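Got your viewer open? Let's take a short tour, one selection at a time.

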Amino acid sequence: MVRVRFAPSPTGNLHIGGGRTALFNWLFSQSQKGAFVLRIEDTDQLRSKQEFVDEILDSLKWLGFNWDEIYYQSQRFERYRWHAERLLQSGLAYIEKSPEGKEAIIYKVPAQKIKLQDLIRGQIEFDSSLIKDQVLIKSDGTPTYNFACVVDDGEMNITHIIRGDDHISNTPKQILLYTALGWELPQFAHLPLIMGVDGGRLSKRTGATAISDYRKMGYLPEALINYLLLLSWAPGENRELVGIQEAVELFEIKNVNKTAATFDLKKLDWINNQYLKAADPEKLADALIPQLAAKQYLNPDHFDRAQLLALVKLFQARLPRLNDFVDWADFFFLEEPLIDAAAQEKYLTQDLSKEFSLFSERLGKLAVFEIAYIEESFRQLVAELGIEAKKLIHPVRVALTGKTIGPGLFEVIYYLGKERSCRRLLKWVK
RNA sequence: GGCCCCAUCGUCUAGCCUGGCCUAGGACGUCAGGUUCUCAGCCUGUAAACACCGGUUCAAAUCCGGUUGGGGCUACCA
């Protein structure tokens, strides 16, 4: 049975690169009907933090990558020591004493050619005479990364190691260790790295790196996954949008790209918008409630859900990120709209008292306050006044919403309601 | 420096393995139009790439070699 693992180190948040590694491991395990093992690599006791473990687990759950087993390296120190002693006894490792008298166990690297058959890159050859002897157990008693990794992958029967490109040079060291421990080699697949827009490593400097940051910004997990998928794999037939379940069916590890990819927020925004468009407004509304409540835009225990749903539907097709709704639709929740200075300058400098009061009057008189009738009365009014519709539409929008952009004006008026629309119009009547 | 990986539009990619169908396709972004009302929505269109040099071949984006460029590793970090 296929067994893969994702092995994050809790010395920081789950970042984009880690999320992508987790994604491909999960995807592969699903496509092979195998197991997905999670291993927390917390051997660095100084830098490892419980809060990071929690954060990583939360992010993985949010992305939907459920694991079948979970292990913590900090609970397995005796296993590493036991195997190190084994190598000591077989003469493949030796002890080195530090000046303070502490002992480290070192693996004697034999000089030989090492061939690696990478599932993504094909054959890679190394010369181990260029590799120096490897520390297995540090003088403080904790194992080194390469040793703990091999012991665990071996004991946990990991069949496929799918990880970042940056581990290629660790692989010959690990292959040697497998052989020394008397274990069969797993298959290796090295994923290309994700770079920041500046061409270097994706870092905080070049944008958000933590998966949880994208969650907070209002990206949907399905959208983020779809984007990450596209970064080094293509579903075929020129398709850009592919759901995770479909990806499981189409995925083949040999089709993963070899080239490092640049993380492009613009395309992520586009994909997120595609998912937002297709999303269930009920779910989007649920996700927005806490944020709207935090801004005092609504009382979470007592609000008009039908109204909120209608507003979500009005905006969802134009949002790059769900959270943008909070700012873009603020005028529906505020007593008075926040008028954008530039918008006011552009559309409300001339005196529109006559037009505004006439329109307000017509709205007030509408027997049936519905979008079609609102538009009809508006069109009639501009016809009578002999002005172009757009000459009045833009100023009215700014007066009602404070913005130059947004949903169609007549929908805005309808959902704003007769009272509030008229009041906001009359504010500009001298 | 040494070792290793990589190389198609600005970005993500299809094509490469199994040379000819490639005057290199798609998407994001850009720009330009259009949208009885805006755009950050929608529609249409435009510009934009096989890093370079050799070789193999009737034929190379595709195979081989080198150069250049980018990246990674080179810790008693992971």
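How many helices and strands does chain A have? Switch on the cartoon view and count along: there are 19 helices and 12 strands in chain A. Keep in mind that what you're looking at is a predicted model.

**Stop 1: the whole chain.** Zoom out until chain A fills the window. Its C-alpha trace spans about 100 × 50 × 35 Å along the principal axes. The radius of gyration of chain A is 30 Å, while a compact globule of 430 residues would come out near 22 Å.

**Stop 2: a pair of helices.** Now select residues 145-155, which is helix α4, and residues 171-181, which is helix α5. Their axes come within 10 Å and cross at roughly 55°, so α4 is oblique to α5. The crossing of α4 past α5 is right-handed. Which residues make the contact? Show side chains for N146, F147, C149, V150 and G154 on α4, then for K173, Q174, L177, Y178 and L181 on α5. Sorted by class, that contact of α4 with α5 has six nonpolar, three polar and one charged residues.

**Stop 3: the RNA.** Next, select RNA strand B and the 58 residues around it. Coming nearest are S9, E41, K138, Y145 and G408. Want to colour by element? Those giving two or more residues to this surface include β7 (122-127), α9 (265-278), α17 (389-401) and α18 (409-416). Finally, try colouring by class: the surface near RNA strand B divides into 22 nonpolar, 18 polar and 18 charged residues.

Definitions and conventions
Residues numbered from 1 in each chain as written. Chains lettered and ligands numbered in written order. Predicted model: local features only at pLDDT ≥ 70, side-chain atom pairs only at ≥ 80, totals over all residues. Axes fitted to C-alpha atoms, helices over the stretch in contact; angles between N-to-C directions. Helix = DSSP H or I, 4+ residues; strand = E, 2+ residues; numbered from the N terminus. Parallel < 35°, antiparallel > 145°, perpendicular 65-115°, else oblique. Left-handed = near helix turned anticlockwise from the far one by under 90°. Contact = placed C-beta atoms within 7 Å. Nonpolar A, V, L, I, M, F, W, Y, C, P; charged D, E, K, R; others polar. Near = placed C-beta within 6 Å. Rg over C-alpha atoms; globule rule 2.2 N^0.38 Å.
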